[in-house]
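Notebook open, coffee ready. I want to look through this model piece by piece and jot down what I find.

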Amino acid sequence: MEVEKLRYLMIIREEGSISRAANRLYMSQPSLSKIVSSIEKSIGYKIFDRSANGLLLTPEGERYLRYAEEAVTAEEKVLAEMALLHKEASRKQVVFGLPHTRNAISVSREILGCDRAVNHQLMIRILREEELIKGVTEGTIDFALLTLTRSMQLPESIRARELYVERILVGAPKDHEICSHAVEMVGSPYPYLEPRFLQGQKVILSGEGTGLYDLCQEFFRAEELYPDVRIFEDSVQAAKRFAEEGAGICFANEEMVTKAPSDRLQFFVVGESMPLRHVAIIWKKTSEKDAVVQEVLKNCIDALQQEYKKHN
C-alpha cells in the first residue's frame, strides 16, 4: 500500500471529517472516501465509524493507524537520509595535505574550526613532504602545508605562500653544562648560546614534518660542528622528552616551544647561522580556477596565521 494513503488516514483522524480532510488535502470528498473504502476492503475491517461528533476510529482502526504512523515515520527517515546522501555526494571534496609532525592534529582542528565554506568536504591527508609535493603536482592533493628549505625544489606548476617565519631553538636540561655559557639578551625571552659550545654534544634530531633536520644540517655545516647524534626522532615533542630525560640536547621550532613549554629545559638562540623556518602553503596553479578550492584555501590560511599570532 502507498504510504501517502496512510497519511490521508492520519489527516482524517486529525480532522474528524472526510470533507475537512479533503479540503486540507486539496482533493474532492468522493475521491478521499473512495481511498478509505479501498483500504478498508483490503484489510477486511472498518477504520472509521460515524458518530454525532464526526468520524471516530474503530478498535481495529486504532491499531491499524499505529502501524501506519510507524510506516510514515520510517519513510520520512529514509527520505531524509537519502536527501543527505545526495547532498554529500554533490559536495566537492577538497584535499589538504599535512606533513608528519606532532601538531598535525592541532592544525587539523584549527582548520576545521575556522573553515566557513559549506559546499565541500574537507579531507586531510598526512604524508611525507616529498609525497605532499608530488600529490599537489599530480592534482591528488589540492594544497599542502610544509616547511620550505634551501634544498627544496618546487615544480614550476606549484605556487607557494609563506604563512610565517620562526626561529629554531636549542633546548637543554637546566642542569646541563652548556647552560652556564648562555648570555641573557635584552628584549628576548631566550638567552644566547655561542654555537661553539655545541661541539661534540649529544644531540637528538627531529626529521619528518618540521624540516628541522635539513635546517640543523645547514647550521652544523655553517658552524663546522660535528655533534654526536644519538637519537633521530620524527616527532619534535618526542625529541623534547628525550632531552628532558637527559638523553642529550634537542632542537625545536619556536611555535612548539611557545605552545608546549617545558619546566625542565632551557631554550637558547644560537645566532644568525641557524636558518629560519619558513612555513608555507603550496597549491597547483591550475587550481586557482576552482572557486571552491580557493575559498577553502583562504579559510585555511586565515586560520593558521591567526593561530600563529595568538601564540607569538
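Before I list neighbours, I need one cut-off: I call two residues in contact when they have heavy atoms within 4.5 Å. I also remind myself that this is a predicted model.

**Entry 1: the overall picture**

I started with the inventory, and the protein has 10 helices and 12 strands. Next I looked up burial: buried residues make up 46% of the 312 residues. Then I turned to contacts between residues at least 6 apart in sequence, and 72% of these join residues at least 24 apart.

**Entry 2: Phe219 and the cores**

Which residues does Phe219 touch, leaving out those up to four places away in sequence? I found Pro195, Leu198, Leu225, Phe251, Val270, Ser273, Met274 and Pro275. I then checked how covered Phe219 is, and it is buried, with a relative accessible area of 0%.

Phe219 also turned up when I looked at the largest nonpolar core, which has 35 residues. Leu198, Phe219, Phe251 and Phe267 have the most contacts inside this core. I looked up which elements give it two or more residues, and among the strands I noted E7 (168–173), E8 (202–206), E10 (249–253) and E11 (265–268). The helices on that list are H7 (212–223), H8 (236–244) and H9 (254–259). H7 gives the largest share, five residues. Apart from this core lies another one, of 21 residues, and I wrote down Leu9, Ile11, Ile12 and Val36 as being among them.

**Entry 3: the aromatic rings**

I searched for paired rings and got four aromatic pairs. I looked at Phe219 with Phe251: the ring centres are 6.5 Å apart and the planes sit at 65°, so I logged the pair as edge-to-face. The cut-off behind that word is over 60 degrees between the planes. Phe219 is in helix H7 and Phe251 in strand E10, so this pair ties together parts that are 32 residues apart in sequence.

Phe251 pairs with Phe220 too, again edge-to-face, at 5.8 Å centre to centre and 75° between the planes. This pair also links distant parts of the chain, with Phe220 in H7 and Phe251 in E10, 31 residues apart. Put together, ring pairs link Phe219, Phe220 and Phe251 into a cluster.

Are the other two rings buried or exposed? Phe251 counts as buried at 2% relative accessibility, and Phe220 counts as buried at 5%. The cut-off I used for buried is under 20%.

**Entry 4: helix H3**

I moved on to helix H3, residues 29–43, which has 15 residues. From its first C-alpha to its last it reaches 22 Å, close to the 21 Å expected at 1.5 Å a residue.

Which residues of H3 are buried? They are Leu32, Ile35, Val36, Ile39 and Glu40. Why do they line one face of the helix? Seen down the axis of H3, they fall within an arc of 130°, so they line one face. My textbook reminder: an α-helix has 3.6 residues a turn, so residues three or four places apart point the same way.

I looked at the face turned away from the buried side and found the exposed residues Pro30, Lys34 and Lys41 there. H3 is followed by Gly44, and its phi is positive, near 80°.

**Entry 5: helix H8**

Helix H8 is mostly covered, with seven of its nine residues buried. My list reads Val236, Gln237, Ala238, Ala239, Lys240, Ala243 and Glu244. I spotted charged names in there, Lys240 and Glu244.

Arg241 lies in H8 as well, but this residue is exposed, with a relative accessible area of 51%; the cut-off for exposed is over 50%. I also checked Arg241 against Arg264: they are 23 residues apart in sequence and 9.5 Å apart in space, C-alpha to C-alpha. After H8 comes Gly246, whose phi is positive, near 85°.

**Entry 6: a hairpin**

Last stop, two strands. How do E1 and E2 run? E1 (residues 48–51) and E2 (residues 54–57) run antiparallel, and four bridges join them. I noted Ser51 standing opposite Gly54 in E2. A hairpin joins E1 to E2 through two residues.

Terms used: Residues are numbered from 1 along each chain as its sequence is written. This is a predicted model: local features need pLDDT of at least 70, side-chain atom pairs count only at pLDDT 80 or more; totals for chains, interfaces and linings use all residues. Side-chain values use heavy atoms; hydrogens and water are left out. A nonpolar core is a set of buried Ala, Val, Leu, Ile, Met, Phe, Trp, Tyr and Cys residues joined through side-chain atoms within 4.5 Å. Buried means under 20% relative accessible area, exposed over 50%, partly exposed in between (1.4 Å probe, protein chains only). The expected span of a helix is 1.5 Å times one less than its number of residues. The arc is that of the directions from the helix axis to the C-beta atoms. Rings of Phe, Tyr and Trp (its six-membered ring) pair if their centres lie within 6.5 Å; planes under 30 degrees apart count as stacked, over 60 as edge-to-face and the rest as tilted. Two strands pair if DSSP finds at least two bridges between them.
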